[in-house]
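Reader: I would like a close look at a single part of this model, with the cut-offs stated. Please set it in its surroundings as well.

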Amino acid sequence: MPEHAEHAIEVGGARIHYLKGGQGKPLVALHGAEGSLGWRQYHEQLAESFTVYAPTCPGFGQSERPPWLESFTDLARFSLWLLDALELPQVTLAGHFIGGWLAAEMAVMSPRTFDRLILIDAAGIQPRDGEIADIFLHGQEGARQLTYFDTQQVAEYAELFQRKPSKEERDIHTRNQETLVRYCWKPYMFSPSLPGLLGRVQLPTLIIWGQDDRIVPLECSALYQRALPNARVAIIPHCGHCPPLEKPTECVRLIQNFLTPGALE
Amino acid sequence: MFLMRFTERAYVDYSEEDVRQSFRSAVRLTFPNAHFNPSLGADLYNTYLDEYEYAEAVGFDGLMLNEHHNTPTCMGAAMNLEAAILARTTKRAKIVLLGNPLPIFDNPLRLAEELAEIDMISRGRLVSGFVRGTGIESWATNTNPVYNRERFEEAHDLIIKTWTTPGPWRWEGKHYQFRVVNPFERPLQQPHPPIWIPGIGSPETLVWCAQHHYPYIYLETDPQVTLDLTAIYTEAARQVGYEPGPQNFGYLVRVHVQDTDEKAYEVGKGFLIGNAGVGRVPLPGDFMAPPGYNSREGARRIVDQYRRYALRPDPLYGGVDSAGWEKVVDSNRVIVGNPDTVVRKLREVLSVVRPGILGVWTNDGTIGHEDTMRCLSLMEHDVLPAVREMGTELGLPGPFEHAP
């Protein structure tokens, strides 16, 4: 079993925490709206083939937020700075939900930093027909109910969400919520200019989507594919908004196939 | 003692079941406006304005209005319009706005202009209160709650400077930027209308008020909690070099008078249908305080303050199901009775809280127009003069008698 450990690095005057584990080519995995949920099964599976870096974005968890960092655009700029500090050139970048949106913004800003891009049920593009569900308005419980197709198939659900959180975990949850609101309140979970700017990103891109995503509509996978010159879409059936937790094995297999040399047509 | 009359101007033609059926069973924010009947709304707005005019006639010093959005509990979604009408149709009473929710305004200069107009039309009777607004106001206007306090303070600073510093000048703030600040119409009162701040006790707001010498109006807070909150204000005032007195504090309480205790007790139950009453279906906490709306320290202190006095369930906001109307009345969280009873109970409250401003919330919920007018009529001779005397006897000067 690949080992992993927590590290911290100073970037722009802020101490940023990240998990690192595995071996092989570096792969950066950006977390979703709930912040870092720790080293999960999908990290473990990815770490069989890659050196996985899972940073906690500034303002989430234990990672500090520089007081000037208040917008999603600045979060993307800062995250590129983090990769500089980690000395990770030509890295594969993956992200789920807001992490996918963040990955897309980073790729737009600095496409040559990356060799592959993986967007999983990513926010960032405004749907044409539906809407990105307002997870703030639904509240924590309501948003969780929308997130999964079937919580029974989320092996880590009880460990993550069904035990009484410690005071420290409650404080972190509050901080995560505040940070999310700061970055994503308005416009809610999308950037109007992103589809236009994605034309710059020639990177081979894999778009993974849960077929039954009730947070970011499935149509957004097609909108991403249309905006990105070199992207393909993989849909995971019977899966909600969070394939890394709900279908980790399928999700990781898709990623491994995508990253295997010659796999991309 | 400054005596002001208040009602939330409730819309009440809906049921508890209607509330339960709304998104997250909320009476505010998501309660469908299909339940609103504009014909009834037209009647209610006019009735409520009539009542305010009568409140001036019976001797109130101030007519207090408030503003909320997306809710049947308060029809004052555009409070300044009601204020402008009363500025013209009344002659003596102060128009007390508690208050304009500053963070939700993207153009505070427009607000400065509206308030200046109200002040001039009323010939200098405006009291311009400012609030952060509940979280509902942030949701309803899509204003980022994380910046609520920053926007409140910056909008306040911009408005005060607009009223006091000859233009044109430029404002380049964090949340507001204006090339040419130079609204031509300025308020009649100089240097600007009085500023009062209502609330339920955010410690940061109490300290900020003390630093600005602004009276703080407690909105139905538990009397014992109120004393703790006053200590926060007092300490902050001492740090900037003055000793606050009753003129620095106001207290809002529901008070309903009828000819007999029995009738007041029955009619007063109408208070519980509306703000507190349909609150029997509790609002989602994150509607009232979305993430980031309160500082973590502020939220902790508020919860601690209330826990100390075991106010869960609060006799008022727990509603009749958890506490019972009798307990609400016994604990003076709502004061009902004949004039003698009401005066006696008000003495109990005023002796403890010691405000120089008393907000008298005469009616709400299902308390009808006829009962409201009788309540106001009885107050004219049998309550207000006695409370004024009480204010003098207890040494409770208002802010127009003693500068805060």
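Author: The buried residues of helix 6 of chain B (buried meaning under 20% relative accessible area, exposed over 50%, partly exposed in between, with a 1.4 Å probe and protein chains only) are B:Asn148, B:Arg149, B:Arg151, B:Phe152, B:Glu154, B:Ala155, B:His156, B:Leu158, B:Ile159, B:Ile160, B:Thr162 and B:Trp163. The helix is thus mostly covered, with 12 of its 17 residues buried. This is a predicted model, in which local features need pLDDT of at least 70, side-chain atom pairs count only at pLDDT 80 or more, and totals for chains, interfaces and linings use all residues. Residues are numbered from 1 along each chain as its sequence is written, chains are lettered from A and ligands numbered from 1 in the order in which they are written, and side-chain values use heavy atoms, with hydrogens and water left out.

Helices (H or I, at least four residues) and strands (E, at least two) are DSSP runs, numbered from the N terminus. Helix 6 of chain B covers residues 148–164, and at 1.5 Å a residue its 17 residues should span 24 Å, which agrees with the 24 Å between its end C-alpha atoms. The expected span is 1.5 Å times one less than the number of residues.

The loop between helix 6 and strand 5 (169–172) of chain B holds B:Pro168. A cis peptide bond, with omega about 0°, joins B:Gly167 to B:Pro168.

Two other loops of chain B contain a non-glycine residue with positive phi. B:Arg123, with phi of about 55°, lies between helix 4 (108–121) and strand 4 (126–131); B:Arg123 is exposed, at a relative accessible area of 71%. B:Arg354, whose phi is near 55°, sits between helix 14 (339–353) and strand 11 (357–361). B:Arg354 is partly exposed, with a relative accessible area of 34%.

As for the partner chain, 19 residues of chain B are in contact (heavy atoms within 4.5 Å) with 16 residues of chain A. About 1500 Å² is buried between the two chains, 56% of it from carbon and sulfur atoms; buried area is the accessible area (1.4 Å probe) that two parts lose on being put together, summed over both. B:Trp139, B:Asn142 and B:Arg296 supply 33% of the area that chain B buries against chain A, more than any other three residues.

The count between the chains is 1 salt bridge, a side-chain nitrogen of Lys or Arg within 4 Å of a carboxyl oxygen of Asp or Glu. A:Glu70 forms a salt bridge with B:Lys174, their closest N and O atoms being 2.8 Å apart.
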